[in-house]
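Visitor: I am new to this structure and would love a close look at a single part, the surroundings of the ligand. Could you take me there and then show me what lies beyond?

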Amino acid sequence: MSAKIPVTVLGATGVVGQRFVRRLAHHPFFVVQHLVASERSEGKRYRDACAWRLDGEPYGGLGDHVLGPGSEEGSFSPVVFSALDTGPAKEMEPAFAKAGALVFSNASAFRMAETVPLLVPEVNGEHLGLVEAQRRHHGWKGAIVTNPNCTATVLVMALAPLHATFGIEAVMMTSMQAVSGAGYPGVPSLDILGNVIPFIRNEEEKVEEETPKLLGRFAQDHIEMAPMVVTALCHRVPVLEGHTEAVSVRLKGNPSPEEVAKTLREWRAEPQALGLPTAPRIPVHVHDLPDRPQVRKDVEGDGGMSVHVGRIRPCPLLGIKFTLLGHNTERGAAGASILNAELAHAKGLA
Ligand code: NAP
């Protein structure tokens, strides 16, 4: 077997960064070379800079690793995973890409840029073709590849097979989103315990603009947006991990709930065919019990990489409605980026 590819994790101390470190600790293709966080953390040991919040081996076995500088000169690796906030991402991600790194980012800074792939490997693997146009456009050796907002990621996992099979005309999605989606320390406990907050800044806009790009058509140097209307209503609820989404969808040809369930249940995509290490064997689990999916019972299955659909039934407004659940910090963040990198590796890019 060939040597593992060295990687840098930017934002390594945060909610998503820690999940990167845990997943990379025993990865078959990648090995951690540099961990980076803010200037506050630079030069400290990972165990001193990071309040480890996950189960499993503390600090992913990298507790004595010293955090590097946020510059590409000091912390370069050919593959970079970014769990940075949008502000620092805007500065640091292009610098690493210019220096030749393939940057897999969770941040929203470049998701909608014309030549940046907004990638979910099961949904739009061909969008990786934008990397060539991006390199030409900027004169970079490297590139930036993004994964979508966590709520949009979970949504398109269920929409993609329906769009491919029937064609989607309209989507209405109402979310109940976990507190981990706001990073650490996130929403104060006094605000969220026993409560529902009907506002997450910019979240509805992200779902509405990212979904048509995700389901759009690769056209060499840009993506032709999928022609559909998407409306999102987003809420924060007192749940730790896992976004639940109530979805209504108008499909061409008005298929029955049974046809929709069969389409979702039988769907397999490129990551499953390639056997990528982070890909779930079954991307969409369709539940028959009337009270599923549920966060506590379902969200951690398959390392949080599959999504769950239940209660598929007729909708008097749009035709079909169902309940959808997915893991926001795995399928919607760290696991998503790592799966993107695995696909890029399989296609000879990383
Ligand atoms: P977080 O817990 O607040 O972590 C932020 C990380 O960024 C920390 O490692 C922090 O380092 C570092 N950082 C802060 N300011 C910095 C600076 N000026 N320069 C360099 N590093 C800096 O946030 P998170 O929830 O992990 O989110 C990270 C990114 O992923 C965000 O863009 C978010 O929108 C996106 N995302 C999150 C989720 C989710 O469910 N949480 C899902 C999808 C996407 P220090 O410890 O040194 O401060």
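Visitor: Which residue has a polar side-chain atom that lies 2.5 Å from an oxygen atom of the ligand?

Guide: That residue is Ser41, through a polar atom of its side chain. Before we go on, please note that this is a predicted model, where local features need pLDDT of at least 70 and side-chain atom pairs count only at pLDDT 80 or more, while totals for chains, interfaces and linings use all residues. Residues are numbered from 1 along each chain as its sequence is written, and side-chain values use heavy atoms, with hydrogens and water left out.

Ser41 has company in its polar contact (a pair of N or O atoms within 3.5 Å; within protein, one must be able to donate a hydrogen and the other to accept it, and residues adjacent in sequence count only if both atoms are side-chain atoms). Leu84 brings a polar backbone atom to 2.6 Å from an oxygen atom of the ligand, and for a polar backbone atom of Tyr184 the distance to a ligand oxygen is 3.3 Å. On its own the ligand has 920 Å² of accessible area (Shrake-Rupley method, 1.4 Å probe; for residues, only the protein chains shown count as cover), and the protein covers 80% of that area. Helix 1 (15-24) and helix 4 (86-98) are the elements that give two or more residues to the shell; helices are DSSP runs of H or I with at least four residues, strands are runs of E with at least two, and both are numbered from the N terminus.

In total, 26 residues surround the ligand, each with a heavy atom within 4 Å of it. The closest are Thr13, Ser38, Arg40, Ser41 and Leu84. The shell divides into twelve nonpolar, twelve polar and two charged residues. Here Ala, Val, Leu, Ile, Met, Phe, Trp, Tyr, Cys and Pro count as nonpolar, Asp, Glu, Lys and Arg as charged, and the others, Gly among them, as polar.

Let us follow helix 1 outward. Arg19 lies in helix 1 and forms a salt bridge with Glu330, with the closest N and O atoms 2.9 Å apart. A salt bridge is a side-chain nitrogen of Lys or Arg within 4 Å of a carboxyl oxygen of Asp or Glu. Glu330 sits in the loop between strand 13 (319-326) and helix 13 (334-346), 311 residues from Arg19, so the pair links distant parts of the chain. Both Arg19 and Glu330 are buried; buried means under 20% relative accessible area, exposed over 50%, and partly exposed in between (1.4 Å probe, protein chains only). Arg19 and Glu330 also belong to a network of salt bridges with Arg22, Arg23, Asp55 and Glu241.

A search of the whole structure finds 17 salt bridges. Among them is the one between Asp64 and Arg45 (3.3 Å, N to O). Asp64 counts as partly exposed because its relative accessibility is 49%, and Arg45 also counts as partly exposed, at 35%. Another salt bridge joins Lys262 and Glu266, with 3.3 Å between the closest N and O atoms. Both lie in helix 10 (residues 257-266), four residues apart, about one turn of the helix. At 49% relative accessibility Lys262 counts as partly exposed, whereas Glu266, at 51%, counts as exposed.
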